[in-house]
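User: I'm new to this one and would like to know where its labels come from. Can you take me through them in plain words?

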Amino acid sequence: PPQAEVLCSAAPHCKTAALTAPAPAMTTTGVEGLQLTDDKKNYIVQTLNPVLDKIVAAALAARPSNTAEWIVEFLEKEYNMGGGGGGGGGEGGKALLAALAGEEEEEEEEEEDDDDDVDELPESFIMKAKTGPRQSVSAAAYGEWNQKKEFTPPVHEKDDATKAKVRELLAGSFMFSALDEKDMSTVVDATEPVKLGPKERVIKQGDDGDFMFIIMDGQLDCYKKFAGEEEEKLVKTCEKGDCFGELALLYNCPRAASVESREACELLKLDSETFTNIVSDGARKKRTLYEEFLKKVKLLSGMDSYERAQVADGLKVETHASGTTVVKEGDPGDKFYIVEEGTAKATKVKGTDEKEVMQYQAGDYFGELALLRNEPRAANVIATSDCKLLTLDRKSFKRLLGPLDTILQRAASEYK
């Protein structure tokens, strides 16, 4: 029935660490409030949840790109349900794959007794299973009964000068720039000052994330260990005004990288509850939107999701009307541009003539040459329709796109 929900102890509110080991057997305590027969309650607890726990735990370990196909293969191997043909070829496997892919199977349905209908879940339904220091929550994250708990943000006392400094820092950050006055004040009060000495590792790759940080002073290095490699690599250096640690909170996933102080640092620590209740919804939508767009930018297609997220965080939006000069030949360059919407053209002046040398559309980029070579702009760029442009300033460009210098230098020949 349309109201039926899949119950899984790996609902999005759960921490992934709680799924790395099988949950112990559950009791029926958590389903007593449901208007279901005892056999259905027992089925949820004893049969359905253990299977779903196994699927989610294994999926988080494998992180397959084709989730539906992977689930079918996993079930066939785990439960020997290949239907005689194996390798995903069984009729059960085909049907399941079709269902997971969102395809509707046209089958005749027999009428069932009222007893067989799954009743609506009440608002209060939560099924808990102890899994060590953390707990899994057995409830789908959808519907009216998935309401947030009442939230009381923490308050860390600060004098007016410190509050003003924190507010100014947050206002310049991607994560917090869209907050209204009330929410900004809440976040300012909730941040906790933290001091680090040199070579202190404040975040470790793979750990659960309970906090994010904003840098007030100092530099920290981000190290990432890639699959199949023994040594971790330096992937980014964070400076004053940068945020780190937010990915684990935004996507409820393990830490994507380790972060270590290069020198004595002053940080602001923001707890996960404040972040989730005040900041994350808007930040997640904006980041997801730009990440999806950046996947289509040929220059950035080789980046992994972590690197692309860092670029998305540094982007700012500019709009230009048709006919507007975005970049003027000979001017100093302090921005890199990506066309999100609209079209533009590049022109160069030779003598008394102005010649068109390049056209741009959504997904194209320009302005990198002046930043790479520290030279004046090599061409004019003029909007040929109303344009929406994503920009990176010089500092962010150098920090985030430094490894791509070779690719950009090679592309420079296209202007000639």
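Analyst: What follows is a set of questions about labels, each answered by setting a value against its definition. This is a predicted model, in which local features need pLDDT of at least 70, side-chain atom pairs count only at pLDDT 80 or more, and totals for chains, interfaces and linings use all residues. Residues are numbered from 1 along each chain as its sequence is written, and side-chain values use heavy atoms, with hydrogens and water left out.

User: What makes up the protein in terms of helices and strands?

Analyst: There are eleven helices and 18 strands. Helices (H or I, at least four residues) and strands (E, at least two) are DSSP runs, numbered from the N terminus. Of the 416 residues, 42% count as buried. Buried means under 20% relative accessible area, exposed means over 50%, and partly exposed is in between (1.4 Å probe, protein chains only).

User: Why is strand β10 called largely enclosed?

Analyst: Strand β10 covers residues 265-271, and six of its seven residues are buried, so the rest of the structure largely encloses it.

User: How do you know which strands pair with β10?

Analyst: By counting bridges: two strands pair if DSSP finds at least two bridges between them. Strand β3 (residues 192-196) has five bridges to β10, in the antiparallel sense; L196, for example, has C265 as its bridge partner in β10. Strand β5 (residues 211-217) is also antiparallel to β10, with six bridges, and I215 has L267 as its partner there. Five and six both satisfy the rule, so both count as pairs.

User: What makes K163 and D189 a salt bridge?

Analyst: A salt bridge is a side-chain nitrogen of Lys or Arg within 4 Å of a carboxyl oxygen of Asp or Glu. The closest N and O atoms of K163 and D189 are 3.6 Å apart, so the pair qualifies. K163 sits in helix α4 (residues 160-171) and D189 in helix α5 (residues 181-190), so the salt bridge ties together parts that are 26 residues apart in sequence. K163 has 28% relative accessibility, so it counts as partly exposed; D189, at 22%, counts as partly exposed too.

User: Where does the salt bridge of E181 and R167 lie, and what do you call its two residues?

Analyst: E181 and R167 meet at 3.1 Å, N to O. E181 is in helix α5 and R167 in helix α4, so this pair ties together parts 14 residues apart in sequence. E181 is exposed at 53% relative accessibility, while R167 is partly exposed at 28%.

User: How do you know how α4 and α5 are arranged?

Analyst: Two packed helices are described by the angle between their axes and the distance between the axes. The axes of α4 and α5 come within 10 Å and cross at roughly 115°. Axes are lines fitted to C-alpha atoms, for helices over the stretch in contact, and angles run from 0 to 180 degrees between N-to-C directions. Where they meet, α4 offers K163, V166, R167, L170 and A171, and α5 offers E181, M184, S185, V187, V188 and D189. Contact means heavy atoms within 4.5 Å.

User: What makes β12 and β15 edge strands?

Analyst: The open sheet has four strands in the order β12-β17-β14-β15, with antiparallel pairing. β12 (325-327) and β15 (353-360) each pair on one side only, and that is what the edge label records. The twist averages 35° from one strand to the next. Seven bridges join β15 to β14 (residues 344-350); in one of them, A344 is partnered by Y360.

User: What is notable about K199, and is it buried or exposed?

Analyst: Most residues other than glycine have a negative phi, and most peptide bonds are trans. K199 has a positive phi of about 65° although it is not a glycine. K199 lies in the loop between β3 and β4 (201-203). At 58% relative accessibility, K199 counts as exposed. K199 is also linked with R201, E232 and E260 in a network of salt bridges.
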